[in-house]
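Thank you all for coming. I would like to walk through one structure this morning, taking a few of its contacts in turn, so please have it open in front of you.

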Amino acid sequence: MRYEKPKTKKGWEEFAKDISERVAEALDYFCWNISGDPAIVCYANHSDLALYELAEEFAGWSVSGITEEELELLREMPDDIHDKYSRKLQRQIERAIRNIEKEFGVKLEDLEEEYYPG
C-alpha cells in the first residue's frame with residue numbers, strides 16, 4: 001500500500017493502525033514459522049520494541065508489505081500516535097505470550113534460563 005504523508009491526526013491514526021496490523025501479522029508469521037526459537041521466546045524477544053523498530057525489522061517482507069517510504073513516514077509520525085500504537089503492539093505481544101503459556105502449559109520464566117543463561 002502506498003501512502004502520502006497524512007495531513008490530519010485521523011490520517012496518522014489510520015496509517016499507524018494499518019502499519020501496526022501488518023507488523024503484528026509479520027511477527028506472528030516470523031515467530032511461528034521462521035524463528036529458530038520457540039514462539040513464546042520469539043514474542044518475548046520483540047516485546048520491548050516500538051512500532052518503528054518492529055516495522056523496520058519486517059520492512060520488505062512480502063507478509064508485511066512495508067515499504068521504505070512507509071518507514072520514512074513512520075519517522076515523521078507524531079510521537080503521541082507512535083507511542084499509542086507501540087503500546088498497543090506491546091500489549092498484543094504480551095497477550096500472545098499469555099495465550100501460548102495457557103495453551104501449551106509452559107511459562108516463559110521456565111524457558112528464560114535455557115534461552116537466557118547467566
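Before I begin, one term is needed: a residue counts as buried when its relative accessible area is under 20%, as exposed when that value is over 50%, and as partly exposed in between. Please also keep in mind that what you see is a predicted model.

Let me apply that term to a pair in helix α1, which spans residues 9-34. Glu-21 has a relative accessibility of 46%, and because that value lies between the two limits, Glu-21 counts as partly exposed. Its partner in a salt bridge is Lys-17, with the closest N and O atoms 3.6 Å apart, and Lys-17 is likewise partly exposed, at a relative accessible area of 45%. Both residues belong to helix α1, where they are four residues apart, or about one turn of the helix. As a general point, an α-helix has 3.6 residues a turn, so residues three or four places apart point the same way.

How many salt bridges does a search of the whole structure find? The search finds seven, and I will describe some of them. The side chains of Glu-13 and Lys-84 meet in a salt bridge, at 3.1 Å from N to O. This pair links distant parts of the chain, since Glu-13 lies in helix α1 and Lys-84 in helix α5, 71 residues apart. Are these two residues buried or partly exposed? Glu-13, at 17% relative accessibility, counts as buried, whereas Lys-84, with a relative accessible area of 30%, is partly exposed.

In helix α4, residues 68-76, there is a salt bridge within the helix, in which Glu-72 and Arg-75 are three residues apart and therefore separated by about one helical turn. The closest N and O atoms of Glu-72 and Arg-75 are 2.4 Å apart. Glu-72 counts as partly exposed at 36% relative accessibility, and Arg-75 counts as partly exposed at 45%. Elsewhere, salt bridges that share partners join Asp-18, Arg-22 and Glu-70 into one network.

Glu-70 brings us to the buried side of helix α4, where Glu-70, Leu-71, Leu-73 and Leu-74 are buried. Seen down the axis of α4, these buried residues fall within an arc of 160 degrees, so they line one face of the helix. What do the buried residues of α4 pack against? They pack against α1 and α3.

On the α1 side, I would point you to Phe-15, which is found in that helix and counts as buried, at 0% relative accessibility. Leaving aside neighbours within four places in sequence, Phe-15 is in contact with Tyr-3, Pro-6, Glu-70, Leu-73, Leu-74 and Met-77.

Finally, let us turn to helix α3, residues 51-58, and helix α5, residues 79-104, which pack at an angle of about 70 degrees, with their axes 8 Å apart. The two helices are therefore roughly perpendicular to each other. From α3, Leu-51, Tyr-52 and Leu-54 take part in the contact, and they meet His-82, Tyr-85, Ser-86, Leu-89 and Ile-93 in α5. The residues of this contact divide into six nonpolar, two polar and no charged.

Methods
Residues numbered from 1 in each chain as written. Predicted model: local features only at pLDDT ≥ 70, side-chain atom pairs only at ≥ 80, totals over all residues. Heavy atoms only, no water. Axes fitted to C-alpha atoms, helices over the stretch in contact; angles between N-to-C directions. Parallel < 35°, antiparallel > 145°, perpendicular 65-115°, else oblique. Contact = heavy atoms within 4.5 Å. Nonpolar A, V, L, I, M, F, W, Y, C, P; charged D, E, K, R; others polar. Salt bridge = Lys/Arg side-chain N within 4 Å of Asp/Glu carboxyl O. Buried < 20%, exposed > 50% of the residue type's maximum accessible area, 1.4 Å probe, protein only. Arc of directions from axis to C-beta.
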